[in-house]
Amino acid sequence: MLTGRRVFMLLLSFFLLIFAVNGVFVYVSLRSHPGTTARDAYREGLEYNRVLERAERQQALGWRAQILEEGGAVRLRVQDVAGAAVAGLAGEVQVGRPASDIEDRKLAAVETAPGSYEATGTPLAAGRWKIVFEMKDGAGRHFRVEDELLVAR
C-alpha cells in the first residue's frame, strides 16, 4: 500500500542517490584533471603577441619539420625550402600527455645526423603524447615544432 510516509521515503532516497552520484562525479573529475594546464596563464596571455611574431619569423624561414616516434624514442627531421637538411640546431624537447601534466618532462635534443634530432631519455610508454621541440640555430633563430603522437606497443 502506498502511503504518504512511503512516498516521502522514496523521494528522499531518490534525491540522496542523485547527490551521492554527483558527489562521486565531482570527486573523480577534480582528481583526474587539475583545471588549468598553463603554469602562469596570465603571463602567457600577455606574451601572446610575441608568440605570434615568432611564428611569423619561423614561417618566413620556410623550414619543414616532421616528428617521428621509433621504439619509444622521439625524433625530429628538419629540412629547408630546397629540401636540404638543417643541421646545427640545439634545444630541448617537452613531452607529456595531452590531458594531464602528470607525466610532463623536458629532454635534451641531440643531433644524430645532419637535420635529424633525437630526444634523449626514457622511452615513451604506450598512449598519446604531446611533443614540443624548442630549437635554436647558431644565428639565434628560434624554431618550434609541436605535434601529438600515438605510441603503440
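Trainee: Where is the place of Phe25?
Mentor: In this predicted model, Phe25 sits in helix H1, which covers residues 4-32.

Trainee: Is Phe25 buried or exposed?
Mentor: Read the relative accessible area against the cut-off: exposed means over 50%. Phe25 has 55%, so it counts as exposed.

Trainee: How far apart are Phe25 and Gln79 in space?
Mentor: Take the C-alpha atoms. They are 48 Å apart, with the two positions 54 residues apart in sequence numbering.

Trainee: What about the start of the chain? Where is Met1?
Mentor: Met1 belongs to the segment before H1. Its relative accessibility is 86%, and over 50% is exposed, so Met1 is exposed. From Met1 to Asp40, 39 residues along the chain, the C-alpha separation is 62 Å.

Trainee: Let us step back. How many helices and strands are there in the chain?
Mentor: Three helices and seven strands. Next, read the order. From the N terminus it is α-α-α-β-β-β-β-β-β-β.

Trainee: How do I read the radius of gyration of the chain?
Mentor: Set it against the value for a compact globule. For 153 residues that would be near 15 Å; this chain has 24 Å. Then look at the spans along the principal axes. The C-alpha trace covers about 85 × 40 × 25 Å.

Trainee: What share of the residues of the chain is buried?
Mentor: Buried means under 20% relative accessible area. Of the 153 residues, 23% meet that. The chain exposes about 10800 Å², and carbon and sulfur atoms supply 58% of this area.

Trainee: What share of the contacts joins residues at least 24 apart?
Mentor: Start from contacts between residues at least 6 apart in sequence. Of these, 52% join residues at least 24 apart.

Trainee: And the charges? How far apart are the mean positions?
Mentor: Average the places of each sign, then compare. The 20 positive and 19 negative charges have mean positions 8 Å apart.

Trainee: Which residues have the most contacts inside the largest nonpolar core?
Mentor: This core holds 23 residues. Ile67, Leu76, Val78, Ile131, Phe133 and Met135 have the most contacts inside it. Now ask which strands feed this core. At least two residues come from each of E2 (73-79), E3 (90-96), E4 (105-113), E5 (116-119), E6 (127-136) and E7 (142-151).

Trainee: Take Val78. Which residues is Val78 in contact with?
Mentor: Skip neighbours within four places in sequence. The partners of Val78 then include Trp63, Arg64, Ala65, Val86, Leu89, Tyr117 and Phe143.

Trainee: Arg64 is on that list. Where is the place of Arg64?
Mentor: In strand E1, residues 64-70. With the same neighbours set aside, Arg64 is in contact with Arg77, Val78, Gln79, Asp80, Val81 and Gly83.

Trainee: Why does Arg64 count as partly exposed?
Mentor: Partly exposed lies between the 20% and 50% cut-offs. Arg64 is at 45%, so it falls in that class. Its C-alpha is separated by 26 Å from that of Glu44, 20 residues away along the chain.

Trainee: One loop, to finish. Where is the place of Gly88?
Mentor: Gly88 is in the loop between E2 and E3. Its relative accessible area is 45%, so Gly88 is partly exposed.

Trainee: Which residues is Gly88 in contact with?
Mentor: Beyond four places in sequence, they are Glu111, Tyr117, Lys136, Asp137 and Gly138. For a long separation, take Gly88 and Leu17. They are 71 residues apart along the chain, and their C-alpha atoms are separated by 63 Å.

Note on methods: Residues numbered from 1 in each chain as written. Predicted model: local features only at pLDDT ≥ 70, side-chain atom pairs only at ≥ 80, totals over all residues. Heavy atoms only, no water. Helix = DSSP H or I, 4+ residues; strand = E, 2+ residues; numbered from the N terminus. Buried < 20%, exposed > 50% of the residue type's maximum accessible area, 1.4 Å probe, protein only. Rg over C-alpha atoms; globule rule 2.2 N^0.38 Å. Contact = heavy atoms within 4.5 Å. Areas by Shrake-Rupley, 256 points an atom, 1.4 Å probe, with all protein chains shown as cover. Lys, Arg positive; Asp, Glu negative; His and termini not counted. Charge placed at Lys NZ, Arg CZ, Asp CG, Glu CD. Core = buried A, V, L, I, M, F, W, Y, C linked by side-chain atoms within 4.5 Å.
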